[in-house]
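Student: I should like to understand how the words used to describe a protein structure are justified. Please begin with a term that we shall need.

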Amino acid sequence: MLGRPGALGLRGRIVGALLVTTVATLAVAALALLSPLERQLRNEAQSTLVTEVGSKAERGTFTQLTQDDIADANTAAKSTASTSAGGVATARNRAAQDVDVLGERAGATISLYAYPELLIASDAPPNGSAKSPSEVTTAFQTGRTVRSFGSGAQSDVAQVAVPLNIGGRPYVLVASRPITEIPGAVHVVRTAFIYAALAGIALTLILGIPLSATLLRRLQRLRIAAVRLAQGGPPVEVPIDRAGDEVGDLTRTFAIMQRRLAQQEEARRAFVSTASHELRTPLASLHGMLELLDDDLRGPSPDLPDARRLLARARAQSRRLGRLAGDLLDLSRLDAEVELRSEPVELGELSRAVLAEFEPGNVERGVSSRLEDSATPCWALGDPGSVAQILRILVDNAVQMTAPGSEIRVSLVAGEGPAAVSVSDHGPGVAPEERELIFKRFHRGRETAGSAGFGLGLAIGRELAERMSGELVLEDADGPGATFTLRLPAVHARDEDAEAVRVN
C-alpha cells in the first residue's frame, strides 16, 4: 500500500526551503550591514574631522604664531568674558582669526587650549565650560590626537583633540562637529533594505510556487506510472519528458526500465509457455512408455524383448529431459548475466578434447570426425568452459544431422584477424529464410523438426559468443550441409603478457 504525501508535500517543502533560504540570507545581510553601519559612519565622520583639522593645523598659521599672539587673544577673551555676547571678544586678533578661519573651513567649532584653560574659541566652548575636557588632558599627557563623541543640545558631536607646538610650548586644538546627518542616512538605508527584503521575498514566492508546481506535476505523472507498474496492470506508457534536468533524466531512465521489464516479461512468458510445452511432450512419452513397460512386466509371461525396447526409449527420453534441463539452466545463467572468465584458450587442444567426448557415439552411428589444424597454435581470448560448450553444441548438431558414413570436419583459422573454429557437416543444410531464426530460442529449422533437440543449443551458443566479444554465424555454402563458425578475439602468443590482454 503506497502512502499518501505528507501535509506539506513536496511543493510546500520547496517553497518553504526557498523562503527560509531567502529570509536567512537577508537576516545575515542585515546583521553584517545594518548593525555596524551607524558605528562605521560615526567613525568615518570622526576620521574626516581628524584629517581636516589635523592637516590644516599642521599646514596653517598656528605653528607660526608667537606667544604674544596667544597672550593677546587670551587677554581679549578674559576682558570680555562678562559681556552679553557670550564671553568671546568682539575684537579678534591674529590667533583668534586663525581659529575662526579653521572653524569655517572644517565646518566645526574650534577651541585652542593651554592646559588646563581655554584660550581661544570660534564659538561657545564645548559643554559650556572654560575648563579643559578630559580629551584635552589626555592629548597634553600623551602628545597624540584623541578622538571622542559627545552629546550636544540637538545631536551627538564628534570631537578630536590635536596637540600643537606653538613657540616651543604645548597647546591642544579641539574641534567638535555635529553629526546630525548620520541617523538620517542610517534610517534611509534601513528603509531601503526593508523594501528590498520584502521585494526579494515576494519574488521568491512568485518564482518558487510555479516552479514547484511544474516540478510536482512532472513527478506526479512519473509516480502514477510507477504505481501502475508496481500493481502489475497493463503496460504503462511513461509520459515523455524532454527537459534536460534531473527529473527529465529520471523519467527517461524509468521509460527505459519499463521497456526492458516489458521485454523481459514477454520473454519470460514465452519461455515458460514454450518450456512447458517442450517438457510436456517427453514427459508424456516417458509416462506412456513406463505404463507399457509395467504392462509387459506385470503379466505371467513378461515380454522381455519389448520391455528392453521400451526401457531403451525411456532412457533416451530421460537423457533428452536432462539435456533440456541443462539448456534451461544455461539460459537462466545467461539471463542473470553471470560474469564469464576471459583468458587465453588454445582452440586446437580444446577441439580435440571435445571431439574425443563424441568419439564413442560417432562410432555407433558410423560417423567420423576430423580436425584440420596447423602446426601453429590457435589462441583465442574467452571463457574456456563456454568455448567448450559452444563446440559441444556445434558438434552435437553436426552428429545429429550427418548421415551414417559421412564425416564431420572441424577446422581452425589463425591469422591477423580473429581466431575462428568451424564445424561442417553433410546434412540437409539450412533454408535461406531460416538462417537467423535457428539462433532464436526454441526455434528449429524445418529439416531438423523431427530431431531430438529443443531449439536452444544455437541460441545459447550465440549468446555465449557475444558475451565473450565474439560471434557465432552460419557460413554461406553452395553445396549440401552447413558450416557454423565461432570467432573470438585472437591472442597471438601465450606468455605472461597474454594472461592480462583483456579483462571483461
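Tutor: A residue is buried under 20% relative accessible area, exposed over 50% and partly exposed in between (1.4 Å probe, protein chains only). This is a predicted model, in which local features need pLDDT of at least 70, side-chain atom pairs count only at pLDDT 80 or more, and totals for chains, interfaces and linings use all residues. Residues are numbered from 1 along each chain as its sequence is written, and side-chain values use heavy atoms, without hydrogens and water.

Student: Why is strand β1 said to be largely enclosed by the rest of the structure?

Tutor: In β1, residues 109-114, 6 of the 6 residues are buried, so the strand is described in that way. T109, S111 and Y113 point one way, while I110, L112 and A114 point the other way. Over the whole chain of 504 residues, buried residues make up 38%.

Student: Why does G382 count as buried?

Tutor: G382 has 3% relative accessibility and therefore counts as buried. This residue belongs to strand β8, residues 379-382. Leaving aside residues up to four places away in sequence, G382 touches R341, S342, E343, V345 and M468, where contact means heavy atoms within 4.5 Å. G382 and V345 are 37 residues apart along the chain, yet their C-alpha atoms are separated by 6.6 Å.

Student: What makes β10 and β12 a pair?

Tutor: Two strands pair if DSSP finds at least two bridges between them. Strand β10 (residues 419-424) and strand β12 (residues 483-488) have 6 bridges in the antiparallel sense, so the requirement is met. Within this pair, V421 stands opposite L486. β1 and strand β5 (residues 169-178) also meet the requirement, with 5 antiparallel bridges, and S111 of β1 stands opposite V174 of β5.

Student: Which strands are the edge strands of the open sheet, and what makes them so?

Tutor: The sheet has 5 strands in the order β7-β9-β10-β12-β11, with mixed pairing. β7 (368-372) and β11 (471-474) are the edge strands because each pairs on one side only. Helix α9 (residues 347-365) packs on this sheet and touches β7, β9 (407-413) and β10.

Student: Why are α10 and α11 called roughly antiparallel?

Tutor: Angles under 35 degrees count as roughly parallel, over 145 as roughly antiparallel, 65 to 115 as roughly perpendicular and the rest as oblique. Helix α10 (residues 384-401) and helix α11 (residues 457-467) pack at about 150°, with axes 9 Å apart, and are therefore roughly antiparallel to each other. Among the residues that meet are I390, I393 and L394 in α10 and L458, I460 and L464 in α11. By class, this contact has 7 nonpolar, 5 polar and no charged residues.

Student: What angle do the axes of α9 and α10 make, and what is the conclusion?

Tutor: These axes cross at roughly 30° and come within 10 Å; because 30° is under 35, α9 and α10 count as roughly parallel. Their contact includes L350, V354 and F358 of α9 and V387, L391 and V395 of α10. Its residues divide into 11 nonpolar, 3 polar and 4 charged.

Student: How many helices and strands are there in the chain?

Tutor: The chain has 11 helices and 12 strands, which are DSSP runs (helices H or I, at least four residues; strands E, at least two) numbered from the N terminus.

Technical notes. Axes fitted to C-alpha atoms, helices over the stretch in contact; angles between N-to-C directions. Nonpolar A, V, L, I, M, F, W, Y, C, P; charged D, E, K, R; others polar.
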